[in-house]
Each structure stands twice: as structure tokens, then as C-alpha cells.
Amino acid sequence: MGVSQAWARRVTYWLEPKNWLIVSVLAIGWHADGRAGLLWGVLAALFTGVLPTLFISYGVRHGRWSDRNVGARRPRLIVLGFITASVATGLILLAVLGAPRLLTGYLAFMLASVALLGAITTVWKISIHCAVAAGSVTVLALLYGPLVLCGYVLVGLLGWSRVALEDHTVAQVVAGSVLGAAAAVLAYAGSVIWLGAGALSMT
């Protein structure tokens, strides 16, 4: 393995979806309700990042897929199915327990995004890594300001690593990034509308 490939593997590992999702839900929870929101973010992180990662690691250990990136289509769909169920469970739990609407709204759109990525994956191997990374940077920039857009440097670096490892084509990386960013904008808009509806119902 060359130096370039070795670095590409490291970048893919450091910037895998789990890490983006955990940072995102914690930051959204903090933005929504300070320390209390951060605790809600920890609960959301369990269902969006931790449990899916444990499921993937279990599959690797038992030979169900070759590595954490799950490149083959059929295993990839199985993993996406588990992620869908995990996020849905987390969303229901957060909604029932009274988590901030901004956070539950984000999880709702995350659920829709996973379903869309699953549908696309049946015919084309779009980059889920880049979709999650671009979506995370976009939603955090909408919440915390345009300076966060500098995080797109990491999205670009991640895209390079996915192409360098020959796990994706440039088109698949770009498509994943565009889809992730668009989904984040919709998630933010939907959450704002959801927050407005909640405020009106309390008046």
C-alpha cells in the first residue's frame, strides 16, 4: 500500500459518518437548549452514531462484510436498513420524552435522507460518507454562522480519500455531497417551521 492510500484510509476513518453525526447532534442540542439540550444530543448520538457503528463492527467481526465502509451493495442496504430503524427509534423516543423540536426535526429529516440514500443505493453507489459530512457542515453553518463553512475543506478531503481508495467515483462523491447539503437545508427549514408551529400552539 502506498503512502497516498494509507493516508486516504486514515482520512476515511477519521471522517466517517459516525463522527460527523455525533458532533452534529451534540451541537444542535447545545444550540437548542444549552446544557439540557446537550444531554438530549447525547441520547440522539446513541441512536444516530453509536448503535449503527456497533452494528457495522459486529458485521465485520462475523464476516458479514469486509470492512467498516461496507462497499458491497447488498450488505450496504442491510446496514442502511438498520440505521433507518435506529434513527426512527431515537426520533420516537426523543419526541415522546420532550426533546427540543430543533433536534427532533433534524432527526426526522435525517430519517428521510437515509431512506433516500437507500433508494439510490439500489441502483448507484452514492457516497454516504460525503452526504453525511456535507450535510453536517451545512446544518451547523446555518445554526452557528458562515465560518463553519470552512468545514467543507474536510468534506473535500474526505471526497479525495473515497476516490483515492476507489470506493467511489468523482461523480458519486459530488452527488453525495450535494444531496447531503440540500437535505441539511431542508432539515433546517423544516425545523424552523416546526419550531414556529410549536410556539403558535403555546399562545
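**View 1. Glu-166, just after helix α6 in this predicted model.** Just past the end of α6, Glu-166 adopts a positive phi of about 60°. Glu-166 is not a glycine, yet its phi has this sign. The residue sits in the loop that runs between α6 and α7. Its relative accessible area is 71%, so Glu-166 counts as exposed, the cut-off being over 50%. Trp-30 is 136 residues away along the chain, and the C-alpha atoms of Glu-166 and Trp-30 are 37 Å apart.

**View 2. Helix α6 and its buried face.** The buried residues of α6 are Val-155, Leu-158, Gly-159, Ser-161 and Arg-162. Looking down the helix axis, these buried residues fall within an arc of 160°, so they line one face of α6. An α-helix has 3.6 residues a turn, so residues three or four places apart point the same way. The length of α6 also fits a helix: at 1.5 Å a residue, its 13 residues should span 18 Å, and the end C-alpha atoms are 18 Å apart. Helix α6 covers residues 152-164 and has the highest mean pLDDT among the elements of the chain, 97.

**View 3. Helix α3 and what covers it.** Helix α3 runs over residues 73-97. Its 25 residues should span 36 Å at 1.5 Å a residue, and the end C-alpha atoms are indeed 36 Å apart. The buried residues of α3 include Pro-75, Arg-76, Val-79, Leu-80 and Ile-83. Farther along, Ser-86, Val-87, Gly-90, Leu-91 and Leu-94 are buried too. The cover over these buried residues includes α2 (17-61), α4 (101-121) and α5. After α3 comes Gly-98, with a positive phi near 90°.

**View 4. Thr-138 in helix α5.** Thr-138 belongs to α5, which spans residues 128-144. The relative accessibility of Thr-138 is 10%; buried means under 20%, so Thr-138 counts as buried. What does Thr-138 contact, leaving aside its neighbours within four places in sequence? The contacts are Tyr-152, Ala-181, Ala-184 and Val-185.

**View 5. The largest cavity.** The structure holds 2 cavities of 30 Å³ or more. The largest cavity has a volume of about 610 Å³. It is lined by 33 residues, and those closest to its centre are Pro-17, Leu-21, Ile-83, Ile-128 and Val-132. Which elements give two or more residues to the lining? They are α2, α3, α4, α5 and α7. Helix α2 supplies the largest share of this lining, 8 residues.

**View 6. Confidence along the chain.** The mean pLDDT of the chain is 90, and 94% of its residues reach 70 or more. Helix α7 (residues 170-201) has the lowest mean pLDDT among the elements, 80. Over residues 199-203, pLDDT stays under 50. For that stretch the model has 0 contacts beyond four places in sequence.

Methods:
Residues numbered from 1 in each chain as written. Predicted model: local features only at pLDDT ≥ 70, side-chain atom pairs only at ≥ 80, totals over all residues. Heavy atoms only, no water. Helix = DSSP H or I, 4+ residues; strand = E, 2+ residues; numbered from the N terminus. Buried < 20%, exposed > 50% of the residue type's maximum accessible area, 1.4 Å probe, protein only. Contact = heavy atoms within 4.5 Å. pLDDT = per-residue confidence, 0-100. Expected span 1.5 Å × (residues − 1). Arc of directions from axis to C-beta. 1 Å grid on protein atoms, 1.4 Å probe; cavity = no way out; pocket = protein on both sides within 12 Å on 5 of 7 lines; lining within 4 Å. Points joined across faces, edges and corners; volume = space filled by probe spheres on them.
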